[in-house]
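Trainee: I should like to go through this entry term by term and test each label against its criterion.

Mentor: Please proceed, one label at a time.

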Amino acid sequence: MNGARVEFRGLRRRFGATVALDNLNLTVEPGELIALLGPSGCGKTTALRCLAGFEHPDEGQVLVDDKDVTRVPANRRDAGMVFQSYSLFPNLNVRDNISFGMRVRKVPAARRHERAQELLELIGLPHIGGRYPHQLSGGQQQRVALARAIALEPRVLLLDEPLSALDAKVRVTLREEIRRLQLSLGITTIFVTHDQEEALSMADRVAVLRDGHLEQVADPATLYDRPATPFVAEFVGTMNHLPGTVVGDRVEVLGQSLPIDGPAPSAERVEVLVRPETVLVTPESDGGALVMVSSFRGSTARLRVQLADGTEALADVPGHDALRLAPGTKVRVSLVERPVLVAPGTETGDVRTAVPEPDVV
Amino acid sequence: MATVTPQVAPAATPPAAAKGRPRRPRVWRGAVLVVAALYFLVPLLASFVFTVDDPSEGFTLDAYGQIFSAEGFGRSLLLSLGLGVVTIALVLLLTLPAMIAVRLSAPRLRTVLEVVCTLPLVVPPITFVAGISTVLRWGPDYLASTPFYQTIIAVQNPDFPVVLVLAYVVLALPFVYRSLDAGLGAIDVRTLSEAARNLGASWPHVVFRVIIPNLRSGLASAGFLTLALVLGEFTIAQLLSFQTFPVWIYTISGSQAQVSVAVSVFSLLITWLLLLVLSSAGARQRSGS
């Protein structure tokens with residue numbers, strides 16, 4: 001089984017007054033797992049549904065292996081899909097659910113059952129073929145849905161937030177399993193999610209969408225370290241905005257001089273964007289900064305620190321340092337020596353988190 | 001619950017709490033059940049006693065024997081059953097596709113559909129039948145020169161009055177709508193049909209193999225309510241003078257009071273049997289075989 005090449009070309013779709021897709025262009029390479037990431041309403045699900053055939057774009061084309069499938073009905077497309085809500089047919093047992101597509105295509109019963117058993121073993125649930133969906137846990141149901149989606153050996157696999165209804169632990173194991181399956185089958189996979197951690201941990205590339213267009217598409221490390229736009233920087237991970245001053249090709253921030261990542265801006269006053277894990281905090285009675293809040297997360301602790309000029313910054317410190325950096329401690333704050341991103345200054349230094357913190361760390 | 005083996009009992013929750021809690025509700029439950037049972041059973045028992053008690057002979061089942069030999073019994077019962085079956089088929093054919101379509105592609109029209117389907121509930125049958133009989137009376141005059149003349153005569157065929165089917169379809173709409181709406185609400189129609197479409201199923205396949213099998217209990221209750229309605233409807237059939245089952249019961253009650261009550265008891269039994277059959281069909285779906 002080999003993956004197909006998928007291309008979204010100039011997709012536009014509007015629902016009444018809201019624009020779901022606004023000239024979306026994206027190419028997915030064969031065998032690649034790409035995550036469509038963005039806040040709700042950014043058009044990621046609409047894009048996926050255009051590929052599945054449940055939605056038709058007002059403009060633009062969807063191409064699979066350079067063939068235009070924009071007007072092909074949903075039941076004639078070669079794409080398996082796993083849905084956000086539980087979608088197993090309640091009246092059929094697991095085996096019949098998995099072989100539903102083969103039954104539609106009139107595959108003989110013996111061959112069907114053989115293939116269903118094969119898939120049940122693939123998802124690690126060989127003994128549940130005779131059970132009904134309501135007898136399964138949420139994680140099992142989504143595994144079976146995955147088996148059903150790949151039963152017909154489609155060349156594209158579409159995952160529409162398949163893990164969002166599951167609890168945290170199951171979510172993590174299942175996403176690893178999906179990735180393992182996807183790699184072994186070499187199937188082109190498009191994974192829609194609003195969970196940045198899910199996207200970063202699973203995908204070959206992550207496409208960040210905003211208001212129906214592509215903001216940036218890159219591999220997870222690049223996306224995290226070198227976000228192309230301030231929106232991506234905000235959306236993926238957490239960013240501190242610290243006031244800084246440009247001096248030549250370096251920037252002065254917190255009394256340090258750091259190299260600038262990318263071209264130096266013309267403005268002198270800028271915002272320096274730094275990740276919480278690159279903020280170093282050391283206890284020091286005349287350091288000028290004060291720990292306000294500390295939330296312990298096990299391996300790390302996230303501190304909210306008030307700086308000398310009154311602005312606040314987030315810092316991730318090792319978990320074992322949490323005790324000596326308790327709220328109320330006077331500290332010194334510095335930054336790791338590495339190139340930093342700068343954005344034209346707005347003169348307000350504060351911390352923004354575009355998305356709720358993921359509950360899995 | 002009652003047969004907990006000694007081995008597992010100690011590990012279970014504190015026995016006092018487990019035993020003490022259900023007791024109070026159980027008393028109330030019993031009381032409510034008794035009151036409700038009295039309300040339903042007393043008239044039934046009274047009817048039954050009336051049918052089997054002959055002042056001169058004492059206990060006798062004669063009245064029940066006479067049902068089957070009574071003039072018009074078979075014909076009117078078959079007519080009512082036939083009307084019921086055709087009404088069920090027609091009303092489901094009308095509502096089910098419309099409701100599925102509205103759920104899938106026009107969710108905003110749902111309230112409109114709901115209001116339209118519920119409307120017959122607020123129109124009294126007497127108003128309804130007045131309208132129908134007016135149309136039936138005036139129609140032939142206006143339509144005399146058109147092919148519709150034949151139609152309006154044909155729908156009044158006393159052997160199978162199609163006009164009653166049409167009227168009953170309207171009367172059954174609210175009940176059918178409610179049953180199907182509950183049934184469709186219990187499954188995620190959109191996701192299920194999209195999943196089936198994604199696996200290559202055509203639209204007819206989606207409706208017949210995916211939606212209808214998962215709607216069995218909703219369809220069963222819609223069918224049962226419609227059948228009960230048709231078997232019990234008196235006003236319209238009487239005023240349009242068709243010999244349906246309830247009209248026949250009413251007709252013979254004048255001459256043979258005992259037989260007419262026996263028929264009522266008998267038809268109640270039939271209705272219960274039907275209900276049992278249908279609800280066990282719904283239950284079988286739950287267990288999934």
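Trainee: Why is Asp65(A) called partly exposed?

Mentor: In this predicted model, Asp65(A) has 15 other C-beta atoms within 10 Å. A buried residue needs 20 or more and an exposed one has 12 or fewer, so the count of 15 places Asp65(A) in between, as partly exposed.

Trainee: Where does Asp65(A) lie, and what is notable about its phi?

Mentor: Asp65(A) belongs to the loop between β4 (59-64) and β5 (67-68) of chain A. Its phi is positive, about 50°, although Asp65(A) is not a glycine. Most residues other than glycine have a negative phi.

Trainee: What makes Lys106(A) count as exposed?

Mentor: Lys106(A) has 7 C-beta neighbours inside 10 Å. The limit for an exposed residue is 12 or fewer, and 7 satisfies it, so Lys106(A) is exposed. The residue sits in the loop between α3 and α4 (109-122) of chain A, and its phi is also positive, near 60°.

Trainee: Which exposure class does Val86(B) fall into, and how do you know?

Mentor: Val86(B) has 17 C-beta neighbours inside 10 Å. That value lies between the limits of 12 and 20, so Val86(B) is partly exposed. Val86(B) is part of helix α4 (residues 73-105) of chain B. From Val86(B) to Leu227(B) the C-alpha distance is 9.8 Å, while 141 residues separate the two in sequence.

Trainee: What does UniProt record for chain B, and how does the model look over such a span?

Mentor: An unreviewed UniProt entry places "transmembrane region" at several spans of chain B, including 77-100 and 112-140. In the model, residues 77-100 of chain B are 100% helix and 0% strand, with end C-alpha atoms 34 Å apart. Residues 112-140 of chain B are 79% helix and 0% strand, and their end C-alpha atoms lie 34 Å apart.

Trainee: What does the record give for chain A?

Mentor: UniProt, again in an unreviewed entry, lists "domain: ABC transporter" at residues 6-236 of chain A. That span is 36% helix and 26% strand in the model, and its end C-alpha atoms are 25 Å apart. The domain assignment of chain A gives domain 1 (6-230) and domain 2 (238-352). The centres of these two domains, taken over C-alpha atoms, are separated by 38 Å.

Trainee: How do you know that the largest nonpolar core lies between the two domains of chain A?

Mentor: The core has 148 residues, of which Ala35(A), Leu51(A) and Leu158(A) touch the most other members. Domain 1 (6-230) and domain 2 (238-352) of chain A both contribute residues to this core, so it lies between them. The largest share of the core, 12 residues, comes from helix α8 (residues 162-186) of chain B.

Trainee: Which residues does Leu51(A) touch?

Mentor: With residues up to four places away in sequence left out, Leu51(A) touches Val6(A), Val62(A), Ala79(A), Leu158(A) and Ile190(A). Touching here requires C-beta atoms within 7 Å.

Trainee: What makes up the contact between chain A and chain B?

Mentor: Chain A supplies 17 residues and chain B supplies 18 residues. On the side of chain A that touches chain B, β6 (79-82) and α3 (100-104) of chain A are the elements that give two or more residues. α3(A) gives the most, with 3 residues. By class, this side of chain A has 10 nonpolar, 6 polar and 1 charged residues.

Trainee: How many helices and strands does chain A have, and how much of the chain is buried?

Mentor: Chain A has 9 helices and 21 strands, and 43% of its 361 residues count as buried. Its C-alpha trace spans about 80 × 45 × 35 Å along the principal axes.

Trainee: Where is confidence in chain A lowest, and where is it highest?

Mentor: Strand β21 (residues 351-352) of chain A is lowest, at a mean pLDDT of 46, and helix α2 (residues 94-98) of chain A is highest, at 95. Over residues 347-361 of chain A the pLDDT is below 50, yet this stretch has 31 contacts beyond near neighbours in sequence. The average pLDDT of chain A is 88, and the mean of chain B is 83. In chain B, pLDDT stays under 50 over residues 1-20, which have 3 contacts beyond four places in sequence. The model scores ipTM 0.80 and pTM 0.77.

Terms used:
Residues numbered from 1 in each chain as written. Chains lettered and ligands numbered in written order. Predicted model: local features only at pLDDT ≥ 70, side-chain atom pairs only at ≥ 80, totals over all residues. Core = buried A, V, L, I, M, F, W, Y, C linked by C-beta atoms within 7 Å. Helix = DSSP H or I, 4+ residues; strand = E, 2+ residues; numbered from the N terminus. Domains from an automatic or database assignment. Contact = placed C-beta atoms within 7 Å. Nonpolar A, V, L, I, M, F, W, Y, C, P; charged D, E, K, R; others polar. pLDDT = per-residue confidence, 0-100. UniProt positions renumbered as here; feature names shortened; annotations may be inferred.
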